[in-house]
Amino acid sequence: MITRKRLSTGACALLAVLAVGLFPSGAAADEPAAKEPPKVELVLDVSGSMRARDIDGQSRMAAAKQAFHEVLDAVPEEVELGIRTLGADYPGDDREKGCKDTRQLYPVGPLDRTEAKTAVATLAPTGWTPIGPALLGAAEDLKGGDATRRIVLITDGEDTCAPLDPCEVARDIAARGIHLTIDTLGLVPNAKIRQQLTCIAEATGGTYTSVRHTDELSKRVRQLVDRAADPVVTPVATQGAERCVDAPVLRPGLYTDRETFGQHRWYRVDVLPGQELRAAVSVSADRAVNDDYGVLMRAVTLRGREIVRRSEAGDGRTDVISTGLRYPKEPVDGVDADKPAAETVCLQVSNSFSAPPSVKTTPGMPIELSLDIVDAPDEASDVAAFGLGRGWWLLGALVLAGFVGGLLWGWVSRWRVAVWRTH
């Protein structure tokens, strides 16, 4: 009898184990799928100009390799990272071949730090600067899935393979709606290079940074890789106002709104001394619209003084148009440094879309507004860093120059009259 009971109990236990193995519990079946890891591809310029020795007494290539060595050690475990080069293989003068010189040095995926470092160590400055083709290649390397994706471009010069304009390439990438951000880092403080790299970054909501030292390069690349590891931000619905005084006060983040044809929308952001406001906006043409349109973003003070503006025009080739701006606010010294007062910056977003009479204008077109506040650079090269308020310096200098010039002219005139009377 006891034996039968034991056999019966063992049989029940075995059936229970089999049932659990064959039929997973409802809780386990309903578990969400694992989130895709964020993906980053570092795009490194290996063109001939990287031989120049003007970064901390070493060549630009050596500085980049040292920075990569430090960055690869600090990549978060959850990030899948790849490396692409441009200008690393073809040393000749054939432009067609030089402008195809881009390849994936290390595939995007789980990082083998030793293998990646070894691959970077073999690079030597070689050829052309095909930035546009490299960006297209990097976008292909990162395609597919819903993971956070980021391209970090490190270069010391502007593209040498026009008419494939890298800024247009960035706009086309943004128009695909794949949420791929391009950040650019320039190793040479050249106005033309800065303009091109800023355009590339702003087209996708990324950032441009000028770096002149190895530690700055390493630090900035690590920041951007870490940013990719952050959770994807869910856009927050907001509603801009018709006037700045009525506008909502927004914090750093991602926001959505709607804007009818030709409408102006206002938002407010508080910026402390020593901080830099970075704002980007994208307007989606979710209906048939006429060719030739544009989007404008302005930063204005509460009193109406314009600080900086950025605009972008389109001609119907894409269904998304984007622009962005930066406003670095200088730090304060003295007694106010302990408790600095924030400045309220008014952001105006406008568009110049139009549509055929048969197209409905309501609801408005979807817009996406991205706001970020970071530490301001020590020597910001942006127009806003100079600030229109500092125009008083120029005005004062002109007034002083005019006053001194008047005195000199008066003295010279009197001297000439005295000489004339003497003779």
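At 19% relative accessibility, Cys-199 just makes it into the buried class (under 20% relative accessible area, with exposed over 50% and partly exposed in between, using a 1.4 Å probe and protein chains only). Its partner is Cys-167, with the two sulfur atoms 1.6 Å apart; a disulfide here is a pair of cysteine sulfur atoms within 2.5 Å. The bond ties helix 7 to helix 8 (residues 191-203), across 32 residues, where helices are DSSP runs of H or I with at least four residues, strands are E runs of at least two, and both are numbered from the N terminus. Cys-167 is buried too, at 4%.

The model is a predicted one, with local features needing pLDDT of at least 70 and side-chain atom pairs pLDDT 80 or more, while totals for chains, interfaces and linings use all residues. Residues are numbered from 1 along each chain as its sequence is written, and side-chain values use heavy atoms, leaving out hydrogens and water.

By the same cut-off, the count comes to three disulfides, paired 1-2, 3-4, 5-6 when bonded cysteines are counted along the chain. Cys-99 and Cys-161 have their sulfur atoms 2.1 Å apart, and the S-S torsion is about -95°, so this disulfide is left-handed. Both cysteines are buried. Cys-244 and Cys-346 sit with sulfur atoms 1.8 Å apart; a torsion of about -65° makes that disulfide left-handed as well. The pair spans 102 residues, from the loop between strand 7 and strand 8 to strand 14. Cys-244 is buried at 14%, and Cys-346 at 1%.

Away from the cysteines, helix 6 (residues 131-141) has eight of its eleven residues buried, so it is largely enclosed by the rest of the structure.
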